[in-house]
Amino acid sequence: MLLKSTGHVKSIMLSQTSERTIPLILQCFLYILLVKRSIVITRYPELHFFFLAALFSTILALVCVLFKTKASLHMVAISGLTIFVIGLNIHLQLHNPYWSALLILLSGVVASSRLEMNAHTPKEILIGLFVGIMPQLLFLYLWL
């Protein structure tokens with residue numbers, strides 16, 4: 001809303017690829033602050049690596065913007081969270097598949113809703129899925 005009121009973006013939907021640059025840079029700075037100041041590795045190692053992977057996902061989404069490619073940020077978020085919850089279930093040795101199944105179902109709901117609203121193409125959905133999953137999988141090996 002702040003960026004819309006200052007005229008940096010036309011709508012909160014960020015339909016233009018160029019409009020995503022400033023919000024993604026701001027999100028990177030917020031993740032850096034969160035990882036460096038609040039969620040330190042000594043106290044919360046799982047959350048530390050989750051937010052570190054989220055930072056890398058945001059950087060990848062920013063790189064996509066620099067190459068004039070749109071990634072579904074909704075898919076980045078839900079797929080990253082899904083991989084983290086699956087990894088947390090493995091790490092804590094919880095034999096509860098319900099949260100993982102629910103998040104996988106919600107990933108499908110998010111993807112279909114973005115397609116139904118014509119907010120993204122199938123290619124942008126897949127890019128968002130890849131950008132959300134890959135950093136979480138890579139950092140999963142560091143704390144699992």
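Author: Buried means under 20% relative accessible area, exposed over 50%, and partly exposed in between, with a 1.4 Å probe and protein chains only as cover. This is a predicted model, where local features need pLDDT of at least 70, side-chain atom pairs count only at pLDDT 80 or more, and totals for chains, interfaces and linings use all residues. Residues are numbered from 1 along each chain as its sequence is written, and side-chain values use heavy atoms, without hydrogens and water.

Reader: Why is Ser100 called buried or exposed?

Author: Ser100 has 11% relative accessibility. The limit for buried is under 20%, so Ser100 counts as buried.

Reader: What is Ser100 in contact with, leaving aside neighbours within four places in sequence?

Author: Val85, Ile86 and Asn89. Contact means heavy atoms within 4.5 Å.

Reader: Why is Trp99 called buried or exposed?

Author: Trp99 lies in helix α5 (residues 98–116). Its relative accessibility is 53%. Exposed starts over 50%, so Trp99 counts as exposed.

Reader: How do you know that the length of helix α2 agrees with its residue count?

Author: Helices are DSSP runs of H or I, at least four residues, numbered from the N terminus. The expected span is 1.5 Å times one less than the number of residues. For the 18 residues of α2 (residues 21–38) that gives 26 Å; the end C-alpha atoms are 25 Å apart, which agrees.

Reader: What makes the buried residues of α2 line one face?

Author: They are Leu24, Cys28, Tyr31 and Val35. Seen down the axis, they fall within an arc of 65 degrees, so they line one face of the helix. The arc is taken from directions from the helix axis to the C-beta atoms.

Notes. Helices (H or I, at least four residues) and strands (E, at least two) are DSSP runs, numbered from the N terminus.
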